[in-house]
Each structure stands twice: as C-alpha cells, then as structure tokens.
2 protein chains.
Amino acid sequence: MALIVQKYGGTSVGTVERIQEVAKKLIKHQQQGVDLVVVLSAMSGETNRLISLANELNDQPKGRELDVLLSTGEQVTIALLCMALEQQGVQATSYTGSQVRILTDNTHNKARIMEIDDSVIRSDLSKGRIVVVAGFQGCDEQGNITTLGRGGSDTTAVALAAALKADECQIYTDVDGVYTTDPRVVSEARRLDQITYEEMLEMASLGAKVLQIRSVEFARNYNVPLRVLSSFKDGGGTLITAEDPTMEQAVISGIAFNRDEAKLTVLGVPDHPGIATKILGPIAKENIEVDMIIQNTGHDSTTDFTFTVHRNDYDTALKILQKTANSLGAREIISDNKITKVSIIGVGMRSHAGIANIMFETLANENINISMISTSEIKISVVVDEKYLELAVRSLHTAFNLEHS
Amino acid sequence: MALIVQKYGGTSVGTVERIQEVAKKLIKHQQQGVDLVVVLSAMSGETNRLISLANELNDQPKGRELDVLLSTGEQVTIALLCMALEQQGVQATSYTGSQVRILTDNTHNKARIMEIDDSVIRSDLSKGRIVVVAGFQGCDEQGNITTLGRGGSDTTAVALAAALKADECQIYTDVDGVYTTDPRVVSEARRLDQITYEEMLEMASLGAKVLQIRSVEFARNYNVPLRVLSSFKDGGGTLITAEDPTMEQAVISGIAFNRDEAKLTVLGVPDHPGIATKILGPIAKENIEVDMIIQNTGHDSTTDFTFTVHRNDYDTALKILQKTANSLGAREIISDNKITKVSIIGVGMRSHAGIANIMFETLANENINISMISTSEIKISVVVDEKYLELAVRSLHTAFNLEHS
C-alpha cells in the first residue's frame with residue numbers, strides 16, 4: 001500500500017470550512033487505498049497573532065518561550081482536523097512534534113531536525129488510522145519544545161516522508177505547481193509537470209517562493225519525491241525529483257527573477273588576498289544578506305568589486321561600504337538601487353552549448369543592457385535595469401520556447 | 001526559604017495588561033525571599049472559544065483530541081507570563097503538563113493526577129528561577145495529553161504544592177476570600193480569615209463556588225495549607241487548613257444556599273430493601289445529579305421518599321419518577337420546583353448542643369416553614385420556599401453573630 005505524506009499550509013486550514021474540505025480530500029485519498037500521514041500548519045494569521053501578543057509583553061522574547069507559545073498554533077489545527085475526520089467516521093490521531101517524537105537540536109526558533117521516531121505512526125497506520133502531525137515543531141533532548149522557523153512545516157513533511165520512506169511527499173498550497181515563470185508577468189507561463197531538486201533550489205532562492213528552500217534540500221538529501229499541488233484546485237501539480245538520466249530534459253525549465261535588488265560597486269580597491277572579506281565582513285555583521293558577488297580580474301594592481309543586496313538594505317549597506325572604501329583607499333563607489341535580476345534555470349544547459357549566448361542575444365535584440373552576469377552549473381543570472389524586467393522575462397520565455405512543453 | 005505555589009485563574013491572565021500585573025506581583029513576592037511555582041489557567045474565554053471551534057467540526061469530539069486542543073490555552077499563558085517576567089529581568093521557565101511531568105490516568109477531559117515529577121522544578125528553583133506550570137493538564141503513561149476538567153487548574157496547583165511540600169498553595173481569583181455567606185444577599189457578610197477543609201468542602205458543594213471541590217479534597221488529603229486571595233485587591237484572603245484543636249473555633253463558620261432546587265416526593269412506596277435504588281437508579285441513568293435524599297421511617301409497610309435535583313432537571317426527573325411510581329405501585333407524587341436549600345456550616349457544632357434548635361427557632365420567628373431537614377456532622381440543611389431565601393439567610397447570619405468575628 002502506498003504511503004503518502006501530505007502537508008497543508010495555513011490558508012488550507014484557515015477556517016473550520018476549509019478544515020472540513022481537507023478532511024473530505026483525505027478521506028477520498030484513503031478510499032483509493034493510500035496510507036496517509038498529514039502535516040499541518042497553524043491557521044493562517046495565528047502565528048502572527050501569537051507573535052504580536054508576545055511582543056506586547058517582551059520586545060525580545062526568549063526563544064524557548066516563543067517556541068512554547070508558537071507551537072500551540074499547529075496543536076490547535078491537528079486536533080480540529082482529527083475531529084473533522086472522526087465526524088466523517090474515519091479514525092485519526094493527532095501528534096505534536098514532542099509526541100511523535102521529532103527530535104531537534106536546541107536552536108530555538110530555527111531548530112534542525114535530527115531524528116524522527118516513526119514507531120507510533122507506523123503502528124497507527126497499520127490500524128488503518130490517518131495520522132495527523134503538527135508541522136513546524138519538535139523537541140530537543142531535554143524535552144523543550146522547539147520550532148523550525150518560518151515555513152518549517154514543509155520541512156516537517158519532508159523529514160517525516162524520509163523517515164517513513166514514503167512514496168511521495170505532497171505539499172498542498174495556494175498555487176497549483178511550479179511555473180516556468182511568474183504567470184503575473186508572462187501570461188503564457190506554463191505549469192511544469194516535473195523539475196529536479198537542483199532546479200527547484202535555484203528557482204526558490206531566486207524568488208519563486210512556492211516551497212521552503214530547506215525542505216527541498218532535505219528532500220534532495222534523502223531522495224524524497226516531492227510534489228507541489230493546490231489545496232483548492234484539482235491537478236497533478238509539479239513533481240520534484242532527482243534528475244532522471246533516461247528522460248529527455250528540457251534545456252531550460254524556468255525563468256526566475258528578483259525585483260527589489262540594489263547593486264553596489266567599489267572601484268579601484270587594492271587587488272590582494274582578503275579584500276572580499278574586508279568589504280563583505282562589515283556588511284554581514286549588520287545581518288544584511290548579500291545575493292550576487294562579482295569580482296572581475298584586476299589590472300594595475302587594483303580591482304572592482306560588486307555585490308547586490310535587497311533594496312531595503314541599500315542605504316545601510318551604502319553607508320557601511322563608504323567607510324570600508326575610505327579605509328581601503330578605494331577610488332570610488334558607484335551604486336544603483338533600481339536593478340533587477342533575471343535568471344534562466346535548467347539542468348539541460350550542462351549538456352547544451354550556447355545557452356548563454358541565446359540569452360544575451362535575446363536581451364540585445366530588445367536593447368536591454370546587461371550590467372552584471374553570474375553563472376552556475378544550471379543557472380545564468382543577469383542584472384538589468386528594473387524597467388526592463390517584464391520585457392526581459394517575456395522575451396526569454398519565448399526564446400526558450402517555455403510556453404510549449 | 002519558603003516555597004509557595006500560586007495559581008492565577010483565567011480572569012487574572014485575561015489580557016496582556018493583567019499578565020503584566022501578575023508578573024509584577026510575582027516579582028514583589030520573590031524579592032521578599034520566596035521560591036515561587038506559578039500555575040496558570042487559559043486566558044478567560046479561550047477555553048470556550050476552542051470548544052466552539054471543536055463543536056463546529058464535531059458534535060461529540062473524542063476526548064483525546066479535545067484535550068490536545070484545550071491544553072493549548074494554558075500553554076499560551078505560561079509562555080506569555082515568562083516573557084513578561086524576563087522583560088522585567090527575572091528568570092522564568094514554563095512547563096506544560098507533559099513537560100513537568102504531571103502523570104494522570106487516561107480518562108480524557110477529567111483525568112486524575114497520579115504522580116508528579118518534581119525534579120526539573122526543584123532544579124529551576126535552586127537556580128533562583130520562577131517556575132510557571134500550565135494548569136488543567138497532564139499526560140498519561142503513553143504521553144497522550146490529558147485535561148483535568150473545568151477548574152482543574154486549582155487541582156494542578158494543590159497537587160504541585162503537595163508534591164513539592166510547599167509551605168502554602170495560594171489560589172488567586174476574582175473574590176478576596178471565603179465569606180460567611182454571599183455578600184450580595186447579606187451585606188454584613190464577613191470574610192473568614194481561616195476555615196477548615198471540611199467546612200470549605202461543605203461550603204463549596206453548597207454553592208459558594210470559590211474553589212474547585214476536588215482541589216479542596218486534594219489539599220485535605222495531603223494536608224496542604226490552601227489560601228484563597230484576590231488577584232486585584234490586597235489582603236490576606238482566607239486560609240483553609242486542617243482543624244486546629246488548640247484554636248477556639250467559631251460555632252458556625254458560614255451559611256450556604258442553593259437557589260435553583262426542585263424537590264420530588266413519592267408517597268406510599270412499599271417499604272422494603274432496594275427501594276432507594278429502584279427510585280434513583282433511573283434518575284442517575286439520565287445523568288441527573290441528585291442533591292438531598294430523605295427517607296423517613298415508614299409505617300403501614302409503606303414509606304415516603306424525597307429527593308432534590310437542580311431546577312433544570314426537574315421536568316425530566318418528574319417524568320422518570322412517574323414511570324417508576326407506577327411500576328412500584330406508589331400512591332402519589334408531590335413535587336415543588338420553587339424551593340431553596342439553606343445550610344449552616346461549622347466544625348464547632350460538633351461540640352455545641354442546641355445549634356439545630358437555634359436554626360429552627362430563628363426560622364420559626366420569621367414564619368418560615370421548613371419542608372425538609374437533613375444533617376451531617378458539620379452542617380444542617382433545610383429546604384424552604386424560595387421566596388424566603390434572603391430572609392432565611394439574613395436572619396441566620398444575625399442569629400449566629402456572623403457579622404462579628
């Protein structure tokens with residue numbers, strides 16, 4: 001009998017009526033002869049409500065107590081879903097993270113799962129019960145409640161699927177799969193039937209925020225087939241798996257983009273070892289996340305160094321960089337906070353030459369100037385003026401024939 | 001160093017501001033050199049909110065899942081109180097019932113505490129921390145979450161005080177102690193400084209609903225000094241302890257009453273063994289709680305049998321009784337749903353003759369007819385027409401000089 005782990009997010013369990021819908025869907029799946037383990041998030045809005053209660057009492061609540069507080073959100077939904085299932089005559093049992101038990105390290109608010117005890121779940125499944133597990137939470141070795149951080153329920157689902165050697169881990173969400181690009185930008189954007197973990201990782205980190213990136217990594221590490229589906233709409237969704245060498249891969253799977261980027265360049269910094277950390281160290285200290293980093297070959301014993309940050313961090317980053325540039329004796333800083341990053345992603349590009357050139361040519365034909373280029377094995381990213389974002393994405397979508405499978 | 005267990009009810013932690021008030025109060029106590037273990041209820045209204053969510057999904061939710069749901073209420077308040085304490089610079093740690101651990105039997109929704117592990121609490125106290133425990137909940141041997149039933153937080157507090165051999169268990173509530181009678185009926189009603197467990201049990205069961213009756217039993221069994229105080233008003237409250245033979249006891253401690261009673265009498269039932277169970281068995285089967293039961297000496301081989309029930313159960317009880325009376329060949333049923341029960345309570349009556357007579361004389365002087373009398377060692381109850389309730393209570397309060405200590 002197939003064993004499926006299904007995860008439903010906060011919107012899918014946001015009201016009593018939606019919980020009833022989830023129950024109906026589960027019963028239909030069970031009747032098709034599937035063993036089901038269900039992972040739930042808190043009702044949408046609940047986690048934020050609890051956080052603001054906490055902040056009224058303490059501007060920096062301790063991680064341990066915040067986890068005790070936040071973990072109640074999922075504990076409510078798992079009990080409610082079991083009640084909805086029992087009302088329909090289907091036996092179900094709920095488990096908190098501590099009860100399963102999902103053992104984590106003790107990094108409160110962003111704990112990492114270390115081990116899952118699958119014995120109670122297996123025993124319940126063997127009795128024909130649906131098992132409902134609270135996402136996002138676990139406990140450390142001392143029995144303290146921990147949480148996995150935002151989006152942690154996806155990780156719970158994948159980790160459970162790995163521990164149970166489930167046939168598939170299905171993430172039900174409010175989108176019906178992974179698209180070749182954002183349909184709001186390109187109306188011809190097409191849902192992908194299948195995509196590799198690596199492609200999904202590049203898509204996710206580049207802004208297609210369908211899945212928590214950690215859960216995709218987890219799925220890849222344990223080779224768990226992961227499927228993204230809609231809670232509200234029928235359809236097969238997108239299956240995320242390891243690369244299948246026997247399958248013909250599309251050269252390019254999708255086009256991702258980050259809207260709100262800003263770039264900062266220091267010109268004429270001394271070209272010697274340790275310069276990157278001297279520039280980026282002070283930035284990291286302020287908890288500013290740096291996205292692209294580019295340093296070209298230097299000349300005249302100086303070099304130019306560029307990095308991009310989120311637009312919200314632009315002012316702070318610029319101030320820090322000015323200090324650094326002074327102390328390094330750099331020539332000049334140039335910066336632009338109206339840029340955007342567009343990336344094409346596909347495992348197929350490894351075996352196909354000339355992909356980069358098609359990208360550059362396509363943008364050139366539209367008179368879009370490329371100000372930065374960065375590449376990885378399965379991704380090419382370019383930075384362009386933000387006013388060209390839509391044009392760039394649309395023309396690339398057509399150039400790589402993404403509207404047709 | 002004195003060790004005190006303090007329990008705060010739902011109203012005392014009903015808002016963020018009130019939680020801050022509780023934190024301030026705790027810090028003041030700690031600064032006076034007291035080790036503190038705090039037991040909390042859910043925010044007022046929260047348990048009812050959760051129950052109605054449950055009922056929207058299932059008209060008879062399973063006990064296990066209801067407990068998973070309801071136990072979140074206290075989990076929220078314990079985390080919030082710890083945050084409030086830490087904000088004031090005082091170290092505090094929260095524990096759910098499962099974490100302590102408070103081991104119960106597996107009777108969901110009204111579990112009984114079997115054992116408490118005091119090791120983590122003691123270790124925290126020795127480090128100068130305030131320990132905050134979720135009331136109302138525990139877990140069974142399999143780790144399933146259980147709850148103790150309405151008012152169970154009082155029981156948690158007393159059980160913890162017993163396990164920790166605390167110097168006192170203080171129940172903070174919205175009244176400032178136990179009164180000689182209801183101040184809404186007798187404005188001269190006086191707060192009692194001290195009362196025995198036995199008196200409190202009689203007071204509680206008779207309608208002075210200050211404390212959960214189970215928690216008073218528990219306190220008596222383990223000889224835990226129990227104090228009822230106000231969360232909102234300073235004062236020493238009422239201390240409930242074992243009888244102190246060296247102390248001069250007031251003859252009567254208080255006057256309790258039950259407003260909404262109804263009485264049912266079967267006349268002329270055959271006076272032979274098993275008649276009581278034949279009459280009350282069918283009543284109990286319908287889950288109707290019977291309060292007073294009176295059977296007088298029979299004559300002519302028949303007897304008259306009377307019992308009282310809550311007025312809400314009157315119609316059902318009457319219907320059941322009519323069937324029973326027919327099958328027993330009883331002569332007649334008479335009933336009255338406009339009665340009230342008034343009781344005087346005091347351990348002192350054991351050593352003082354004539355107390356009953358003062359009661360009867362007082363009522364006679366006011367022309368109040370007594371329709372039933374029932375006595376225990378420390379209590380005399382009479383049933384009178386409900387219209388005489390206030391008059392009866394006031395005249396007895398004066399007759400026994402309760403307005404003066």
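The legends below describe close-up views of a predicted model with chains A and B.

**View 1. The two chains are related by a half turn.**
A turn of 180 degrees, with a shift of 0.1 Å along the axis, lays chain A on chain B. The RMSD of this fit is 0.1 Å. That is the relation of a two-fold axis. In chain A, A:Thr72 has the C-alpha nearest the axis, 2.6 Å from it. Both copies use the same surface. Of the contact residues of chain A, 100% recur in chain B.

**View 2. Helices of chain A face chain B.**
Chain A and chain B each give 28 residues to the contact. On the side of chain A that touches chain B, five elements each supply at least two residues: α1 (16-31), α2 (46-57), α3 (63-70), α4 (72-87) and α5 (97-100) of chain A. The largest share comes from α4(A), with 11 residues. A:Thr72, whose C-alpha lies 2.6 Å from the axis, is numbered within the span of α4(A), 72-87.

**View 3. The side of chain A that touches chain B, by residue class.**
Nonpolar residues number 15 on this side of chain A. Polar residues number 9. Charged residues number 4.

**View 4. Chain A has two domains.**
Domain 1 of chain A spans 2-174. Domain 2 of chain A spans 254-399. Taken over C-alpha atoms, the centres of the two domains of chain A are 39 Å apart.

**View 5. An open sheet of 8 strands lies in chain B.**
The strand order is β3-β6-β2-β1-β9-β11-β12-β10, and the pairing is mixed. Strands of a sheet pair through backbone hydrogen bonds, either parallel or antiparallel. The edges of the sheet are β3 (92-95) and β10 (194-196) of chain B. Each of these edge strands pairs on one side only. From one strand to the next, the twist averages 20 degrees.

**View 6. Edge strand β10(B) runs parallel to β12(B).**
Strand β12 of chain B covers residues 238-241. It is joined to β10(B) by 3 bridges. B:Gln194 stands opposite B:Leu239, a residue of β12(B). On its other side β10(B) has no partner strand, as an edge strand of the sheet.

**View 7. Helix α1 of chain B packs on the sheet.**
Helix α1(B) comprises residues 16-31. It touches three strands of chain B: β1 (2-8), β2 (34-40) and β6 (130-134). The direction of α1(B) makes about 155 degrees with that of β2(B). In the strand order, β6, β2 and β1 of chain B follow one another.

Note on methods. Residues numbered from 1 in each chain as written. Chains lettered and ligands numbered in written order. Predicted model: local features only at pLDDT ≥ 70, side-chain atom pairs only at ≥ 80, totals over all residues. Least-squares fit on C-alpha atoms with pLDDT ≥ 70 in both. Contact = placed C-beta atoms within 7 Å. Domains from an automatic or database assignment. Pairing = 2+ DSSP bridges. Helix = DSSP H or I, 4+ residues; strand = E, 2+ residues; numbered from the N terminus. Axes fitted to C-alpha atoms, helices over the stretch in contact; angles between N-to-C directions. Nonpolar A, V, L, I, M, F, W, Y, C, P; charged D, E, K, R; others polar.
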